[in-house]
Amino acid sequence: MSVTNIPWEDRAQGSSSVIWRYSQNPIIPRDLIPTSNSIFNSAAVPFNGAFAGVFRVDDQQRLMNLHAGHSADGINWQIEHDPIEWKFSDSEHATFVHRYDPRVTWLEDRYYVTWCNGYHGPTIGIGYTYDFKEFTFVENAYLPYNRNGVLFPRRINGKYAMFSRPSDTGHTPFGDIFYSESPDMIHWGKHRFVMGPKGWTWQSTKTGAGPTPIETPEGWLLIYHGVLTSCNGFVYSMGAALLDLDQPWKVIYRSKPYLMSPQKLYECVGDVPNVVFPCAALHDADTGRLAIYYGAADTVTGLAFCYVNEVIDFLKHNSEL
């Protein structure tokens, strides 16, 4: 897809970084709306010549919920003060404890939203919207416990496809990425292991899918997070992997070094220190530009930039399966 108005800032002169931060980060402060304690781990997509999204907003009671938002340029956002009111056919869908870490994917004829839904434990909620005004709840995809549900932007071998990370009730001290498929967005099966933690590295504790996978001639490009357990707690960093187009559970290349780790003040200091958590990416197919939205320190939202071909080249030279 061509997104000619993708938010963008050129790499700093003299820099050789594969990925670089927007100089005016964070783009969304924690207090953008009157009731918010923090706004992070959110999703943005092109919409009607501009941009729209679904945002994780933790309020001043520290309740986690999803809000819709719009932007003319993908940088300056107007976020609805009230959470999304979901339309549903089954009143059981109204039962939830929290909603957080959304992803948004254009698929066929609508924008699908996936998020971590607190339904007797964390699981993956699925809904959709056509206009970012009305939102319809489809179903919870899995039994608890699960997080990081990320849909593919098209069917694979005739089936809807999604990544997820089986979890537990708490701040999971483990995590593998799995692939699943569905004929109808309701019944999910044919689960396949994709990848998990690796050695004593930046991704030694857990991994999780980030933005919607990006289709390239060489494979699906997946931006993901990896977690290290340090002597002072978890450290979340950003990496990438290239996956087979027809069998996306097969990993072709995978980041050996991270692409980006929490190093700036707004990534290291916040409600949860030392977190870089990618949730969305805007891709302009004509130029190869990629703008990645990420949560920083579970408090604010940042923006980073790269080129798809440079990320794939990085993987080819810095991969360890």
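In what order do the five strands of the open sheet lie? The order is β6-β10-β9-β8-β7, and the pairing in this sheet is mixed. The model is a predicted one, and what follows describes this sheet, the salt bridges, one histidine and the aromatic side chains.

## The open sheet

Strands β6 and β7 are the edges of the sheet, each pairing on one side only. Strand β7 covers residues 99-107. Strands of a sheet pair through backbone hydrogen bonds, either parallel or antiparallel.

Strand β6, residues 86-87, pairs with β10, residues 135-140, in the parallel sense, and two bridges connect them. Both residues of β6 can be placed against β10: Trp-86 stands opposite Phe-135, and Lys-87 has Thr-136 as its bridge partner.

Strand β9, residues 122-129, runs antiparallel to β10, and five bridges join the two. Here Tyr-128 is the residue that stands opposite Thr-136 of β10. Thr-136 is thus named in two pairings, with Lys-87 and with Tyr-128. Strands β9 and β10 form a hairpin with five residues between them, and within this hairpin Phe-132 takes a positive phi near 60°.

## Salt bridges

Side chains of opposite charge can pair when their charged atoms come close. How many salt bridges does the model hold? The count comes to 13. Three of them are set out below.

| Acidic residue | Basic residue | N to O distance |
|---|---|---|
| Glu-267 | Arg-21 | 2.7 Å |
| Asp-271 | Arg-30 | 3.1 Å |
| Glu-181 | Lys-159 | 3.8 Å |

The salt bridge of Glu-267 and Arg-21 is formed by their side chains. Glu-267 belongs to helix α1, residues 265-268, and Arg-21 to strand β1, residues 20-21, so this pair ties together parts that are 246 residues apart in sequence. Is Glu-267 buried or exposed? Glu-267 counts as buried, because its relative accessibility is 0% and the limit for buried is under 20%.

The side chains of Asp-271 and Arg-30 also meet in a salt bridge. This pair links distant parts of the chain, 241 residues apart: Asp-271 is in the loop between α1 and β20 (276-284), while Arg-30 is in the loop between β1 and β2 (36-47). Asp-271 is partly exposed, with a relative accessible area of 31%, and Arg-30 is partly exposed as well, at 29%.

In the salt bridge of Glu-181 with Lys-159, the closest N and O atoms are 3.8 Å apart. Glu-181 lies in strand β13, residues 177-182, and Lys-159 in the loop between β11 (146-151) and β12 (160-166), so the parts tied together are 22 residues apart in sequence. Glu-181 counts as buried at 13% relative accessibility, whereas Lys-159 counts as partly exposed at 31%.

Salt bridges with shared partners also join Arg-30, Arg-62 and Asp-271 into one network.

## His-67

His-67 is part of strand β4, residues 64-71. Its relative accessible area is 3%, so His-67 is buried. Which backbone oxygen does the side chain of His-67 reach? The side chain reaches that of Glu-80, at 2.8 Å. Neighbours within four places in sequence left aside, His-67 is in contact with Ile-33, with Gly-53, Val-54, Phe-55 and Val-57, and with Ile-79, Glu-80, His-81, Asp-82, Pro-83 and Ile-84.

## Aromatic side chains

The structure holds 29 aromatic pairs. One of them is formed by Tyr-128 and Tyr-130: the ring centres are 5.7 Å apart and the planes stand at 75°, so the pair is edge-to-face. Tyr-128 counts as buried at 19% relative accessibility, while Tyr-130 counts as partly exposed at 46%. Tyr-128 is also the residue opposite Thr-136 in the sheet.

Which residues form one aromatic cluster? The members are Phe-47, Trp-86, Trp-106, Tyr-111, Trp-115, Phe-132, Phe-135 and Phe-137. Among them, Trp-86 and Phe-135 stand opposite each other in the pairing of β6 with β10, and Phe-132 is the hairpin residue with the positive phi.

Two arginines have their charged ends over aromatic rings. That of Arg-99 sits over the ring of Phe-96, 3.5 Å from its centre, and that of Arg-155 sits over the ring of Tyr-160, 4.1 Å from its centre.

Technical notes. Residues numbered from 1 in each chain as written. Predicted model: local features only at pLDDT ≥ 70, side-chain atom pairs only at ≥ 80, totals over all residues. Heavy atoms only, no water. Pairing = 2+ DSSP bridges. Helix = DSSP H or I, 4+ residues; strand = E, 2+ residues; numbered from the N terminus. Salt bridge = Lys/Arg side-chain N within 4 Å of Asp/Glu carboxyl O. Buried < 20%, exposed > 50% of the residue type's maximum accessible area, 1.4 Å probe, protein only. Polar contact = N/O pair within 3.5 Å; in protein donor to acceptor, adjacent residues only side chain to side chain. Contact = heavy atoms within 4.5 Å. Phe/Tyr/Trp six-rings, centres within 6.5 Å; stacked < 30°, edge-to-face > 60°. Lys NZ or Arg CZ within 6 Å of the ring centre and 35° of its normal.
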